[in-house]
Each structure stands twice: as C-alpha cells, then as structure tokens.
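Work through the exercises below with the sequence and the model side by side. Each task is followed by a solution in steps.

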Amino acid sequence: MKSLMSAVTGVSDLHVVADRGYFTGNEILACHEAGITTYLPKPKTSPNEAKGMFPREAFQYVKERNEYRCPARERLIWRFKNVEKGQTLHCYWSSACPSCLMKSQCTTGIYRRIRRWEHEEVLEAVTSRLDQRPDIMRTRRQTVEHPFGTLKAWMGATHFLTKGLKNVSTEMSLHVLAYNMKRVMNILGPKGLIQALRA
Ligand code: SF4
C-alpha cells in the first residue's frame, strides 16, 4: 500500500491523521504493516462512562503479565480467546468481581470482562503518538475539513442530485475532481495545469 501511495503522492515518509470514529482496526493495522505512521484521537466517551461507570480506559494493560489492572487494583487475568467478525479477541476478568466494593460502578454482570484485540498495541501506539503531537489535529482541521466545507457549499441545500450508492459515488467523485482542478488552477494557473497534465 505504501509504495502505491508513495507513487501517487511522491512522498516516501507517509504520516496519516485519521478522525475519531472514521477507521477500523484492520485499516490501522494495514497502515502499520505498510510502514505508514498513523495518528488517531482517543475515543471521547464510552457507553459505560456515560452511565457513570468505569470506562475501558480505566483498565491498565500490563504487557509483561498479559493481564489488566482494574480501578480496584485487582488483576484481570487472561481467560480465553475467540474470533469475532474475523478478529481474534482475548478475554480477561478478575475472580474478585463478585465481592468487589466498586462493582456497582463497574459492571451489572457477575464479572467485568475486558476484551483485547490481538493487534491492540497498534491502536494504543497511534493514540499515544498523538499525545506527542497535539498540534496535528489542528493542522488536519485546517487542511482536510476545509475542502469538505467548500464542497458542501457548492452542492447547496439539496446536496446530492442522484440516488443509490453507485450514482452518489460518481457524483461525489466529480465534485472532488472539480475541487482539485480548481485548486490546482488557483495555484498554478490554467496554463500550469495544462502543462502538468501533459507532463
Ligand atoms: S468489579 Fe471487578 S473489575 Fe471492577 S473494579 Fe471490582 S474487581 Fe475490578
């Protein structure tokens, strides 16, 4: 993937900034395996946190032991692994849950179970990488969000004129092509664009 992207963009050292929620673990893994440096914000809230219960982030993974520490400092040990939707997930819980004084803040079940994707460390690395570069999301907003705002303004209140995934996809591609051509013309001028297309 990297060599294809490098060929298209002309950039060998690729850094990708993804938005919260618009990715899958497998896509991040594919970037990692292709040597692309990815940045990703941490999820803002979890359903548990909204209910006043401990979020997933309150559980600390201890790599050397392959287990988790919970807010009560109990050990959630590895129990089993299974495959869901093609992903291998490892499951952990603590035998201390049934008698835990913090249980009402933790789970409505007998045990609080934590599941870990076999490539979870790749996701952990991309979110912690963002902690080192907090400015990078601002740069993303200024560069990536702007074209979409402009396209929306051009499309007007009705947005898409076509229906169906295939037609809408084509319509969107034409909008993006028009945006890119206008942008290049603004930078290089019409003559510069024609020269670049001929080159
Ligand atoms: S319920 Fe279990 S996982 Fe939750 S804090 Fe108590 S011991 Fe830890």
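The exercises cover the sheet, its turns, one helix, the ligand shell and two residue pairs.

The model is predicted: local features need pLDDT of at least 70, side-chain atom pairs count only at pLDDT 80 or more, and totals for chains, interfaces and linings use all residues. Residues are numbered from 1 along each chain as its sequence is written.

**Exercise 1. The sheet**

Determine the strand order of the open sheet and find its edges.

Solution. Begin with the terms. Strands (E, at least two residues) and helices (H or I, at least four residues) are DSSP runs numbered from the N terminus. Two strands pair if DSSP finds at least two bridges between them.

Step 1: 5 strands make up the open sheet, the order is β3-β4-β5-β6-β7, and the pairing is antiparallel.

Step 2: β3 (60-62) and β7 (114-117) are the edge strands; each has a single partner strand, so one side of each lacks a neighbour in the sheet.

Step 3: on average, neighbouring strands are turned by 35° against each other, direction ignored. Here axes are lines fitted to C-alpha atoms, for helices over the stretch in contact, and angles run from 0 to 180 degrees between N-to-C directions.

**Exercise 2. Bridges along the sheet**

Count the bridges for β4 with β5, for β5 with β6 and for β6 with β7, and give bridge partners.

Solution. Step 1: β4 and β5 run antiparallel and are joined by 2 bridges. Arginine 69 is opposite arginine 75 in β5.

Step 2: β5 (residues 75-84) and β6 (residues 87-93) pair in the antiparallel sense over 7 bridges. Tryptophan 78 has tyrosine 92 in β6 as its bridge partner, and valine 83 stands opposite threonine 88 in β6.

Step 3: β6 and β7 pair in the antiparallel sense over 4 bridges. The bridge partner of histidine 90 is arginine 116 in β7.

Step 4: for the cover of β5, count a residue as buried if 20 or more other C-beta atoms lie within 10 Å of its own, exposed if 12 or fewer, and partly exposed in between, with C-beta atoms placed from the backbone. β5 is hardly covered, as 1 of its 10 residues is buried.

**Exercise 3. Positive phi**

Where does lysine 85 lie, and is this residue buried or exposed? Treat asparagine 66 in the same way.

Solution. Step 1: β5 and β6 form a hairpin with 2 residues between them, and lysine 85 lies in the turn with a positive phi of about 50°. Lysine 85 is exposed, with 6 other C-beta atoms within 10 Å.

Step 2: asparagine 66 is in the loop between β3 and β4 (67-69). Its phi is near 50°, a positive value in a residue other than glycine. Asparagine 66 is exposed, with 12 other C-beta atoms within 10 Å.

Step 3: the hairpin of β4 and β5 has 5 residues between the strands, and arginine 73 in this turn has a positive phi of about 65°.

**Exercise 4. Helix α6**

Compare the span of α6 with that of a straight helix, and locate the kink.

Solution. Step 1: the expected span of a helix is 1.5 Å times one less than its number of residues. For 34 residues a straight helix would span 50 Å, whereas α6 (residues 165-198) spans only 33 Å between its end C-alpha atoms.

Step 2: α6 has a kink of about 110° at leucine 188, shortly before proline 190. The bend at a residue is the angle between axes fitted to the seven residues ending there and the seven starting there.

Step 3: α6 is hardly covered, with 0 buried residues among its 34.

**Exercise 5. The ligand shell**

Which residues come nearest to the ligand, and how is the shell made up by class?

Solution. Step 1: a residue is near a molecule or strand if its C-beta atom, placed from the backbone, lies within 6 Å of it. Of the 13 residues around the ligand, Cys70, Ala72, Cys97, Cys100 and Cys106 come nearest.

Step 2: Ala, Val, Leu, Ile, Met, Phe, Trp, Tyr, Cys and Pro count as nonpolar, Asp, Glu, Lys and Arg as charged, and the others, Gly among them, as polar. The shell has 8 nonpolar, 2 polar and 3 charged residues.

**Exercise 6. Two pairs**

Give the C-alpha separation of valine 16 and threonine 37, and of alanine 199 and histidine 15.

Solution. Step 1: valine 16 and threonine 37 are 21 residues apart in sequence and 6.1 Å apart in space. Valine 16 is in strand β1 (residues 15-17).

Step 2: alanine 199 and histidine 15 are 184 residues apart along the chain, and their C-alpha atoms are separated by 27 Å. Alanine 199 is in the segment after α6.
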